Amino acid sequence: MPIRTMRTSGIPRTTGSPGAPDSAPGKTGTTAKARARRAGLRGEGTWGWLFVSPMMLVLGLFMVLPILMALWVSLLHWDGQSNPFSGQADFVGLDNYRTLLTQDGLDRTLFTTALRNNAYYVLLTVPLQTVLALGLALVVNQRLLRGRGALRTTFFFPSVTSSIAVSTVFLFLFQGSGSVNSMLSWIGIKGPNWFADPRGVLSLILGGLGLVDPERPTGMLADHSALGLSWFEWLSGPSVAMCTLILLAVWTTSGTFMLIFLAALQDIPRELEESAAMEGVNRRQMLWHVTLPALRPVLFLVLTLGLISTWQVFDQVYVMGQGAPGNTTLTPAFLSYSAGFDNADFGQGSAIAFILLALILILTAFQRWALRERDASTGRNR
């Protein structure tokens with residue numbers, strides 16, 4: 001049927017066949033607004049990328065590019081004296097990783113020893129510093145406490161002190177004739193020579209109970225091994241020297257995490273605590289059922305930061321023994337440095353660094369899974 005134009009009230013109108021819907025002016029306006037909105041969003045996105053492009057360039061040049069270069073070096077046998085991209089260095093593929101993980105030898109033994117030492121360091125340092133930081137935050141968050149500002153400054157002061165300076169002070173404090181052993185002698189305890197004692201703490205405890213001979217272990221502990229270390233070496237615990245490093249780490253890092261917990265505690269609504277108090281909740285129930293659930297995101301942050309920093313410990317080890325005594329304070333970070341700058345094997349040093357990176361990522365992902373928030377009604381994760 002031919003299309004005809006009708007004029008109603010002076011406005012031309014096009015009609016088609018009978019029953020055909022007329023075009024709605026409102027729909028056309030809505031579509032135009034949606035297109036304008038999308039165009040505006042694209043424009044904002046373009047301007048956003050332009051504003052962040054300088055920082056993206058800086059991160060790419062000074063973080064992403066060096067990481068890729070180090071990954072390439074981990075596939076080489078390179079002494080650091082030539083250009084690793086010129087073909088003068090020997091390409092060995094995954095041999096550096098195989099030497100550290102699968103092939104029997106001194107390299108794997110040292111790497112496994114460093115992992116064992118660092119594992120004990122992490123298992124003791126992270127829980128201790130987290131609990132201590134939370135306890136200090138709860139103390140200085142009391143509204144009726146006098147001198148809260150002075151206490152906060154006192155607890156935080158070790159965190160802003162140079163780690164090299166603190167490590168040097170600890171060397172004097174924990175000497176054989178240092179202040180710590182002098183105070184222990186007042187109560188009739190003869191302190192050990194802290195930084196020269198390679199004995200494991202757990203082996204000393206078991207030896208004191210008469211269950212194991214720390215000097216000559218026998219049986220399954222001595223006959224079986226894993227990754228180049230006997231079961232006794234795995235289970236002997238951190239050495240006395242490593243325990244000193246753990247005390248140092250807990251003392252110097254708790255103040256920083258205390259401030260993080262304190263900021264989170266002050267962000268909890270007072271109405272929530274007041275309503276819980278009106279229900280007759282005591283302090284312990286308040287902590288477990290009100291405070292800690294509200295601190296879940298901050299707790300994950302503190303644990304993650306603690307996990308990363310403890311697996312990367314280097315400066316205290318460098319100042320306080322460089323792995324001595326008997327490699328019981330050796331860590332993967334220091335072993336990576338030693339392989340590159342002491343032994344001129346930058347390929348193996350880079351391989352150690354990337355194995356450590358993969359380990360940190362795996363443990364962080366597991367920690368995120370363990371601390372995830374679950375829906376009590378459906379059991380699903382949030």
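## A tour of the salt bridges

Start in helix α2, residues 95-101, and select D95 and R98: they sit three residues apart, which puts about one helical turn between them. Keep in mind as you click around that this is a predicted model.

Now show the side chains of that pair. D95 and R98 form a salt bridge, with 2.3 Å between the closest N and O atoms. Side chains of opposite charge can pair when their charged atoms come close. Turn on the surface and check each partner: D95 is partly exposed, at 32% relative accessibility, and R98 is partly exposed too, at 37%.

How many salt bridges does the structure hold? There are four, and the tour has two further stops.

Next, select R108 and D104. Their side chains meet in a salt bridge, 2.3 Å from N to O. Are the two partners buried or exposed? R108 has a relative accessible area of 10%, so it falls under the 20% cut-off and is buried. D104 comes in at 66%, over the 50% cut-off, so this residue counts as exposed. With the surface on, then, you are looking at a buried arginine paired with an exposed aspartate.

For the last stop, move along to D197 and R199. Here the closest N and O atoms of the salt bridge are 2.7 Å apart. Which partner is buried? That's D197, at 7% relative accessibility, while R199 is partly exposed at 40%. So at this stop the aspartate is the buried partner, being under 20%, whereas back at the R108 stop the arginine was buried.

Note on methods. Residues are numbered from 1 along each chain as its sequence is written. This is a predicted model: local features need pLDDT of at least 70, side-chain atom pairs count only at pLDDT 80 or more; totals for chains, interfaces and linings use all residues. Side-chain values use heavy atoms; hydrogens and water are left out. Helices (H or I, at least four residues) and strands (E, at least two) are DSSP runs, numbered from the N terminus. Buried means under 20% relative accessible area, exposed over 50%, partly exposed in between (1.4 Å probe, protein chains only).
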